[in-house]
Amino acid sequence: MNKISISIALIIFLMGSAAAINGQPGVELQPGEATAEMLFNYGIGEPWVGGNPPDLIYSQYYSMYRGSAPTKHIEAPKKGDIKGKTPATVYFSYQMQAVPYTQFQTYATYTGGNSLFIQGSSSWTQYAKVPQGSVMSLIATSSTGGNGNLYEIHPDGKLYKNAFYFYPGYNQIGFYADSVGQHILLFDIKGQVSNAIVIDVTSYYPPPYQQQGQAYPPIQTQPSITTPTPSPNYGDTPATIVSQGMRGYQVFLDGNYIGTEGTGGDPLDGRFSFSVTGNQNHEVRVFDGQFNYPKTMYFARGVQKIINVEPGTAVYV
């Protein structure tokens with residue numbers, strides 16, 4: 001097995017490791033979260049803290065596309081020039097560990113090889129959460145350049161390969177967030193594999209109003225203290241939210257309130273069951289009275305989905 005196959009297999013393994021971490025089948029951990037938690041268990045780094053971090057921290061990495069959708073989801077690399085656009089900081093992993101660009105540049109020059117980042121107005125990052133329909137610029141760096149492949153693990157679980165020519169130095173690659181879910185990308189040139197980046201694409205809801213030029217997406221708006229009327233949820237696929245530390249939380253499905261745990265005949269035991277239409281992605285959001293815990297995930301038709309969510313831990317919806 002060559003280096004490329006090993007790297008791709010490792011990423012796919014990390015995607016699947018969520019189902020077995022800590023011996024708890026069905027726990028929904030994303031690749032970066034699982035890796036961070038496993039490293040922390042070995043005394044490396046810090047624990048991943050769940051919850052609803054402000055999405056505004058990712059706003060510098062994307063812009064909303066205007067007009068009809070682009071014909072290409074990923075554009076071919078173009079020769080990049082970062083003069084005047086040098087980032088102050090680069091961020092690594094889901095935890096967005098900050099490293100000064102000068103320090104990263106010294107390391108990259110020493111080691112050579114390939115690297116991949118999402119370009120922002122003042123920084124680069126290996127992880128971002130962006131709305132569907134947005135566009136981003138990816139920065140691929142290569143010491144040698146040449147013919148290579150850009151790999152994408154799509155939210156549908158399939159691995160796609162694009163054959164491209166990469167220029168020596170900096171390459172800019174346009175990315176259109178077409179599908180809700182998690183996109184994992186990396187590239188290789190002559191067996192030299194880059195790091196992977198992760199783009200979480202969420203459903204886009206136009207801001208309901210603006211105040212002093214600042215938009216407030218619904219996902220950051222806390223529900224009213226008055227419990228809303230549940231929307232009926234009918235589907236062919238059962239799902240259950242399980243929490244050891246939360247009680248009386250509200251549940252939203254695809255932006256609609258569907259119920260509160262422990263009310264309406266539901267036992268106050270941390271479990272809340274509902275159903276969805278299978279073989280498609282759905283956004284599930286839990287609100288505990290203070291924080292939102294959102295996640296878009298795929299539901300296979302007829303297969304019971306167990307969703308674990310705990311406040312302030314690595315396991316969340």
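What percentage of the 317 residues in the chain is made up of buried residues? In this predicted model, the buried share is 45%. The chain contains 3 helices and 23 strands. Contacts between residues at least 6 apart in sequence were also examined, and 65% of these join residues at least 24 apart.

The nonpolar interior was considered next. The largest nonpolar core has 27 residues. Within this core, the residues with the most contacts are Ile-118, Leu-138, Phe-166, Phe-175, Leu-185 and Ile-199. At least two residues of the core come from each of the strands β5 (114-119), β7 (127-131), β8 (134-142), β9 (146-153), β10 (159-166), β11 (169-176), β12 and β14 (197-202). A second core, separate from this one, has 17 residues, among them Ala-239, Leu-253, Val-284 and Tyr-293.

Phe-175 illustrates the surroundings of a residue in the largest core. Leaving out residues up to four places away in sequence, Phe-175 touches Leu-138, Leu-185 and Ile-199, which are also listed with Phe-175 for having the most contacts inside the core. Phe-175 further touches His-73, Ile-74, Ser-134, Val-135, Met-136, Glu-152 and His-183.

Strand β12 spans residues 181-189 and includes Asp-188. Asp-188 is buried but takes part in no salt bridge. Its nearest side chain of opposite charge belongs to Lys-161, at a distance of 7.5 Å. A salt bridge requires a nitrogen–oxygen distance within 4 Å. The side chain of Asp-188 does, however, make a polar contact of 3.4 Å with the side chain of Tyr-151.

Charged pairs were then examined across the structure. Side chains of opposite charge can pair when their charged atoms come close. The structure holds 1 salt bridge, formed by Asp-236 and Arg-301. The closest N and O atoms of this pair are 3.0 Å apart. The two residues are 65 residues apart and connect distant parts of the chain. Asp-236 is in the loop between β16 (214-215) and β17 (237-242), while Arg-301 is in the loop between β22 and β23 (305-308). Asp-236 has a relative accessible area of 39% and is therefore partly exposed. Arg-301, with a relative accessible area of 47%, is likewise partly exposed.

Strand β22, which covers residues 292-299, is mostly covered, with 7 of its 8 residues buried. This strand pairs with β21 (residues 280-287) in the antiparallel sense, over 8 bridges. One bridge places Gln-280 opposite its partner Phe-299 in β22. The hairpin of β21 and β22 has 4 residues between the strands, and Gly-289 in this hairpin takes a positive phi near 100°.

A further set of contacts involves Gln-60, which lies in the loop between α2 (31-41) and β1 (63-64). Gln-60 is partly exposed, having a relative accessible area of 25%. Apart from its neighbours within four places in sequence, Gln-60 is in contact with Gln-119, Gly-120, Ser-121, Ser-122 and Ser-123. In sequence, Gln-60 and Ser-122 are 62 residues apart, whereas their C-alpha atoms are 7.6 Å apart in space. The side chains of Gln-60 and Ser-123 make a polar contact of 3.2 Å.

Technical notes. Residues are numbered from 1 along each chain as its sequence is written. This is a predicted model: local features need pLDDT of at least 70, side-chain atom pairs count only at pLDDT 80 or more; totals for chains, interfaces and linings use all residues. Side-chain values use heavy atoms; hydrogens and water are left out. Buried means under 20% relative accessible area, exposed over 50%, partly exposed in between (1.4 Å probe, protein chains only). Lys and Arg count as positive and Asp and Glu as negative; His and the chain ends are not counted. A polar contact is a pair of N or O atoms within 3.5 Å; within protein, one must be able to donate a hydrogen and the other to accept it, and residues adjacent in sequence count only if both atoms are side-chain atoms. Two strands pair if DSSP finds at least two bridges between them. A nonpolar core is a set of buried Ala, Val, Leu, Ile, Met, Phe, Trp, Tyr and Cys residues joined through side-chain atoms within 4.5 Å. Contact means heavy atoms within 4.5 Å.
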